[in-house]
Amino acid sequence: MAYASVTRAVLRARLQDRYDGVPYWSATEANDALNEALRQFNLYTGYWRGSATVNTVANDPFLAVSNTLTRATRIYRSGQALTRKSIVELYRQRRNWRTQTTASGAGVPTVVSDWAPIGLTGFAIWPADAAGGLTLTVDAVKITPILTADGQFVDVGEEELDLLLDEALWILTFKMPSEREAQRRRHESFLQGCLDRNEQLRASSYFREVLGLDQEQRLEPTRRKKDEE
């Protein structure tokens, strides 16, 4: 897959070329639609990723990623991945997990072993590092690159670029409702592209409804026990 650094000016020009007709939007509206498409694509797929290091604080189970990143996806201690859990799972595992540290003993691990996401930028670790100063490596989704000037660029694959342009054209139809039906297939193409990059979206009722996934399941022939014998 070819990747390229594309400026806002080029994106806007390609957006206009992609539309069969005289554009009904201004340059400012095109810029806003492109940025909104970038936000939605990153939200659905976590396309732009990065990593950073975070140092633990003595006896504190709560940490956060840097301000250039959002939700963490993996966390490593000395190259070894910690086990991802939810806050609910941590409470079920150990009711007093927040006060337990690597020095607690009584069956509590002597090294940080689990982590759980909290909101967009925070996460918890268990057990907390008793000494502090332990370096954790965090893989996370980057904050969506928002273009505020024509000379700014975004790194994106050619296939992803097509999806972004399709969604931007769909977003622009909110200004011209009469265009929505004609551009609907572009929106569906964008959602399908996001689904191809993130299978977890199959659990979303919105994606299932728009892409007709439930309907496909209903139309699929049911195998009877007799057919299987």
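The expected span of a helix is 1.5 Å times one less than its number of residues. In this predicted model, helix 4 is a handy place to try that rule. Helix 4 covers residues 158-172, and its 15 residues should therefore span 21 Å; the C-alpha atoms at its two ends sit 21 Å apart, so the two values agree. Helix 2, made of the 19 residues 27-45, also comes out close to expectation, with 27 Å from first to last C-alpha against an expected 27 Å.

Stepping back to the whole chain, there are 8 helices and 10 strands. The radius of gyration is 23 Å, whereas a compact globule of 229 residues would have one near 17 Å. Along the principal axes, the C-alpha atoms fill a box of roughly 70 × 65 × 30 Å. Buried residues account for 41% of the 229. Among contacts with a separation of 6 or more, 71% link residues 24 or more positions apart. As for the surface, the accessible area is about 13000 Å², and carbon and sulfur atoms contribute 49% of that. The chain carries 29 positive and 30 negative charges, and the mean positions of these two sets lie 6 Å apart.

Back to helix 4, which is mostly covered, with 12 of its 15 residues buried. Its buried set includes a good deal of leucine, namely Leu 161, Leu 163, Leu 164, Leu 165, Leu 169 and Leu 172, but also the acidic Glu 160, Asp 166 and Glu 167, along with Ala 168, Trp 170 and Ile 171. As for what does the covering, the buried residues of helix 4 pack against strand 1 (3-7) and strand 10 (153-157), and against helix 1 (8-18), helix 2 and helix 5 (180-197).

Helix 2, one of those partners, has a buried set of its own. Ala 30, Ala 33, Leu 34, Ala 37, Leu 38, Phe 41 and Tyr 44 are among its buried residues, and so are Asn 31, Asn 35, Gln 40, Asn 42 and Thr 45. After helix 2 comes Gly 46, which has a positive phi, near 60 degrees.

Further along, Leu 213 belongs to helix 7 (residues 213-219). Buried means under 20% relative accessible area, and Leu 213, at 9%, therefore counts as buried. Leaving aside residues up to four places away in sequence, Leu 213 touches Leu 195, Arg 202, Phe 207 and Arg 208. Of these, Arg 202 is 11 residues away along the chain, with 8.2 Å between its C-alpha atom and that of Leu 213.

How values were computed
Residues are numbered from 1 along each chain as its sequence is written. This is a predicted model: local features need pLDDT of at least 70, side-chain atom pairs count only at pLDDT 80 or more; totals for chains, interfaces and linings use all residues. Side-chain values use heavy atoms; hydrogens and water are left out. Helices (H or I, at least four residues) and strands (E, at least two) are DSSP runs, numbered from the N terminus. The radius of gyration is taken over C-alpha atoms; the globule rule is 2.2 Å times the number of residues to the power 0.38. Buried means under 20% relative accessible area, exposed over 50%, partly exposed in between (1.4 Å probe, protein chains only). Contact means heavy atoms within 4.5 Å. Accessible areas come from the Shrake-Rupley method with a 1.4 Å probe; for residues, only the protein chains shown count as cover. Lys and Arg count as positive and Asp and Glu as negative; His and the chain ends are not counted. The place of a charge is taken as NZ of Lys, CZ of Arg, CG of Asp or CD of Glu.
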